[in-house]
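Me: Could you take a close look at one part of this protein for me? I would like to see how that part sits within the whole.

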Amino acid sequence: MITGQSKAFHLGRWELLFKIMDEGSITRVADIENLQRSQLSRMVSGLEEELGIQLLERRGKRLNSTQAALELRSKIEPHITMVRRALEKTSELEEGDAGSIRFGAMPGFLQTQVVPLIAEFQQLHPQVTFDVIGDDNPKAFMGGECDLMLYYGPVNDANLVENWVTRSLFIPCASPKYLEKAGYPEDPAELSNHAGVVYTGRVRPHSEVLVKNGRQQTFRWNSMIRFNNILLAKTAAVEGCGIVLDMPLHHCYEEVMNGQLVPILNGWQIPNLDNYIGSTLAASKLKRVQMFIDFYVRRRREIEGEQKRRLQEKFSFII
């Protein structure tokens with residue numbers, strides 16, 4: 001039974017499915033949209049599981065649409081078109097390209113990832129100003145105080161218009177000097193001999209398991225140091241305080257590429273999460289808000305896609 005919490009109610013997922021149906025290839029659509037092939041595959045599988053029907057079937061190298069998928073498309077696609085036309089005709093969208101955007105996100109992510117993009121956006125649209133709130137508790141900026149907000153989701157809030165951005169990637173890593181002293185663990189069981197650098201912030205759930213190729217394994221530390229700020233946790237890892245398991249790629253990319261941090265555990269990872277940018281229902285009608293959402297989603301996918309590509313070339317087990 002489909003409920004209000006169902007992923008099948010996210011029209012963006014259906015738009016991606018229709019593109020796959022047109023192209024006959026998940027890989028081709030992943031390249032066009034700068035998404036991960038595995039993410040699209042999971043999306044299709046999730047829709048099929050929720051609906052209890054097969055949507056795509058492989059014939060040779062091409063994916064073909066099932067009759068059920070074609071019938072669903074004929075019913076859903078007109079609604080997507082209607083929504084798009086309604087937004088385009090909304091007077092606020094046509095007249096709201098100047099003014100302020102109230103923006104909320106996690107402090108560490110704001111500092112290193114979002115502020116540069118805000119500056120880039122304002123170079124293109126100087127008529128838009130920003131009031132920015134940084135807080136490690138999403139409830140501080142998701143209760144209507146902000147027009148736009150970044151978070152891990154979806155949260156399936158009826159008061160929000162949610163836009164999927166990317167799939168977050170966490171990199172287990174440690175500094176060379178720590179690993180030279182304590183050794184290189186290759187399995188979660190070996191972490192009981194190591195010190196952990198543990199992030200305790202409230203911006204996301206914290207996993208007690210590592211995953212690899214569909215397998216899950218719990219872990220424990222010999223000792224640990226805790227931080228409620230992800231940038232402090234990264235500094236501690238760089239300084240050799242221990243191993244950090246859930247360092248987001250965007251926070252450790254430079255340090256991994258220049259050798260300050262070394263990926264470990266041979267492919268074992270904290271389960272990844274989905275990144276979202278959400279807007280209030282009222283703000284979603286403003287042209288400046290839609291402009292920034294479109295800009296932000298495109299640039300984050302470009303940036304993270306390039307980072308993952310370069311890391312994959314250097315460390316084959318990361319992705």
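Here is the part I have in mind, followed by the reply.

Me: Which residues does Ile 277 contact, leaving aside its neighbours within four places in sequence? Please start from the core and then walk me outwards.

Reply: Happy to. A word on the basis: this is a predicted model, in which local features need pLDDT of at least 70, side-chain atom pairs count only at pLDDT 80 or more, and totals for chains, interfaces and linings use all residues. Residues are numbered from 1 along each chain as its sequence is written, and side-chain values use heavy atoms, with hydrogens and water left out.

Let's begin with the core. The largest nonpolar core holds 64 residues, and Phe 103, Ile 277 and Phe 292 touch the most other members. (A nonpolar core is a set of buried Ala, Val, Leu, Ile, Met, Phe, Trp, Tyr and Cys residues joined through side-chain atoms within 4.5 Å; buried means under 20% relative accessible area, exposed over 50%, and partly exposed in between, with a 1.4 Å probe and protein chains only.) Helix 10, residues 287-314, gives the most to this core, with eight residues. Helices (H or I, at least four residues) and strands (E, at least two) are DSSP runs numbered from the N terminus.

Now to your residue. Leaving aside neighbours within four places in sequence, Ile 277 is in contact (heavy atoms within 4.5 Å) with Leu 148, Met 149, Leu 150, Tyr 151, Val 161, Glu 162, Asn 163, Val 165, Phe 292, Ile 293, Tyr 296 and Val 297. Apart from the largest core lies another, of 28 residues, and Tyr 151 is among them, along with Phe 18, Ile 26 and Met 43.

Strand 5 (148-153) and strand 6 (160-167) are joined by a loop that holds Pro 154. The peptide bond leading from Gly 153 into Pro 154 is cis, with omega near 10 degrees.

Another loop, between strand 13 (262-263) and strand 14 (274-280), includes Leu 265. Leu 265 has a phi near 70 degrees, a positive value in a residue other than glycine. Asn 266 sits in the loop between strand 13 and strand 14, and its phi is also positive, at about 50 degrees, although Asn 266 is not a glycine. Their exposure makes a nice contrast: Leu 265 counts as buried, at 1% relative accessibility, whereas Asn 266 is partly exposed, with a relative accessible area of 39%.

Two strand residues round out the picture. Ala 174, in strand 7 (residues 170-174), is buried with a relative accessible area of 0%. Not counting residues up to four places away in sequence, Ala 174 touches Leu 179, Gly 242, Ile 243, Gln 260, Leu 261 and Val 262. Asp 246 belongs to strand 12 (residues 244-248) and counts as buried at 10% relative accessibility. With neighbours within four places set aside, the contacts of Asp 246 are Phe 170, Tyr 199, Arg 204, His 206, Ile 230 and Ile 270.

Stepping back to the whole, the protein has 10 helices and 14 strands, and buried residues make up 49% of its 319 residues. Among contacts between residues at least 6 apart in sequence, 77% join residues at least 24 apart. The C-alpha atoms fill a box of roughly 60 × 50 × 35 Å, taken along the principal axes.
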